[in-house]
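Work through the exercises below with the structure open beside you. Try each task before you read its solution.

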Amino acid sequence: MDALALSAGNRLVDNPIMTEGLEILIVPTIACELEFSSSTVVAITGKEVKAYVNNTLVAMWSRIIVPSGARLRLEIEAETETSHSGFRVYLSIRGGLPSIPAYLGSKSTSMGLGGYQGRSLLSGDQLSLGFCGPVESDKTRNESIDSILIPKYSSDWTIHVLPGPQDDEEFLSPAGQSAFYSTKWH
């Protein structure tokens, strides 16, 4: 989870920074499309994607007012996929998702537990929102995160590991150990 992206989105929609949001995986040529039955204030952060409200391109890392009945579509094109970094997109919704029950202190879904019916969202699912609509000041102030503050997501990471029980010669040969610690993984 990218706590910075979710927190920034929550600030943009005037939520407390720990308010739940949707964590979305976008793959090339398969869009995520959401329909809103009421006017809703949202922010899209994280992995760079193209975002449209009723086929009009909107900016990420900014406050967006989605009109009642409108569709929000997130997508990435296959030929430009290498130019995008990051892995997950975050949708922050003003007021959060109050109807999703917390499970072990979280509203996330993991291994069939928690979240919305203990599973990923599917086409046709409906989520109840709390107070999500714009207020008068939203119409006159355009909130966005300055581009200098938007994280640059690298595709090369350094992950530090420590030897564990499986790092024993009983499980992994000395050559295997050397290969594991010196390989650049993809």
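**Exercise 1: A tryptophan at the surface**

Trp-185 lies in the segment after α2 (174–182). The model is a predicted one.

Task: Decide whether Trp-185 is buried or exposed, and find the patch that holds this residue.

Solution.
Step 1. Take the relative accessible area of Trp-185, which is 58%.
Step 2. Compare with the cut-off: exposed means over 50%. Trp-185 is therefore exposed.
Step 3. Look for its patch. Trp-157, Ile-159, Val-161, Phe-180, Tyr-181 and Trp-185 form a nonpolar patch on the surface.
Step 4. Read off the area. Together these residues have about 750 Å² of accessible area.

**Exercise 2: The chain as a whole**

Task: State how many helices and strands the chain has, and in what order the elements run.

Solution.
Step 1. Count the elements. The chain has two helices and eight strands.
Step 2. Walk from the N terminus. The order is α-β-β-β-β-β-β-β-β-α.
Step 3. Add the overall dimensions. The C-alpha atoms fill a box of roughly 65 × 35 × 30 Å along the principal axes.
Step 4. Add burial. Of the 186 residues, 32% are buried.
Step 5. Add the surface. The accessible surface is about 12,000 Å², and carbon and sulfur atoms hold 56% of it.
Step 6. Check the contacts. Take those between residues at least 6 apart in sequence: 68% of them join residues at least 24 apart.

**Exercise 3: The sheet that holds β2**

Task: Give the strand order of the open sheet that contains β2, and explain why β2 and β5 (56–58) are edge strands.

Solution.
Step 1. Recall the principle. Strands of a sheet pair through backbone hydrogen bonds, either parallel or antiparallel.
Step 2. Write the order. This sheet of four strands runs β2-β7-β4-β5, and its pairing is antiparallel.
Step 3. Find the edges. β2 and β5 each have a single partner strand, so one side of each has no neighbour in the sheet.
Step 4. Note the twist. From one strand to the next, it averages 25°.
Step 5. Zoom in on one pair. Four bridges join the antiparallel strands β2 and β7. Leu-34 has Leu-72 in β7 as its bridge partner.

**Exercise 4: The sheet that holds β3**

Task: Describe the open sheet that contains β3, and say which helix lies across β3.

Solution.
Step 1. Write the order. The four strands run β1-β8-β3-β6, with antiparallel pairing.
Step 2. Find the edges. These are β1 and β6, which each pair on one side only.
Step 3. Note the turn. Neighbouring strands of this sheet are turned by 30° against each other on average, direction ignored.
Step 4. Zoom in. Strand β3 (residues 40–46) and strand β8 (residues 88–93) run antiparallel and are joined by five bridges. Ile-44 stands opposite Leu-91 in β8.
Step 5. Add the helix. α1 lies across β3, β6 and β8. Its angle to β3 is about 155°.

**Exercise 5: Salt bridges**

Task: For the salt bridge between Arg-71 and Glu-33, explain why the pair ties together separate parts of the chain.

Solution.
Step 1. Check the distance. The closest N and O atoms of Arg-71 and Glu-33 are 2.9 Å apart. The cut-off is 4 Å, so the pair counts as a salt bridge.
Step 2. Place both residues. Arg-71 lies in strand β7 (residues 71–75) and Glu-33 in strand β2 (residues 32–35), so the bridge ties together parts that are 38 residues apart in sequence.
Step 3. Add exposure. Arg-71 is partly exposed at 38% relative accessible area. Glu-33 is partly exposed too, at 40%.

Task: State how many salt bridges the structure holds, and describe the one between Asp-14 and Arg-63.

Solution.
Step 1. Give the total, which is nine.
Step 2. Take the pair. The side chains of Asp-14 and Arg-63 meet at 3.3 Å, N to O.
Step 3. Locate the ends. Asp-14 is in the loop between α1 (3–12) and β1 (22–25), Arg-63 is in strand β6 (residues 63–66), and they are 49 residues apart.
Step 4. Add exposure. Asp-14 is partly exposed at 42%, whereas Arg-63 is buried at 9%.
Step 5. Widen the view. Asp-14, Arg-63, Arg-94 and Asp-138 are linked in a network of salt bridges.

Conventions. Residues are numbered from 1 along each chain as its sequence is written. This is a predicted model: local features need pLDDT of at least 70, side-chain atom pairs count only at pLDDT 80 or more; totals for chains, interfaces and linings use all residues. Side-chain values use heavy atoms; hydrogens and water are left out. Buried means under 20% relative accessible area, exposed over 50%, partly exposed in between (1.4 Å probe, protein chains only). Two strands pair if DSSP finds at least two bridges between them. Axes are lines fitted to C-alpha atoms, for helices over the stretch in contact, and angles run from 0 to 180 degrees between N-to-C directions. Patches are made of residues with over 30% relative accessible area and no salt bridge: like charges are joined within 9 Å, nonpolar side chains (Val, Leu, Ile, Met, Phe, Trp, Tyr) within 5 Å. Accessible areas come from the Shrake-Rupley method with a 1.4 Å probe; for residues, only the protein chains shown count as cover. Contact means heavy atoms within 4.5 Å.
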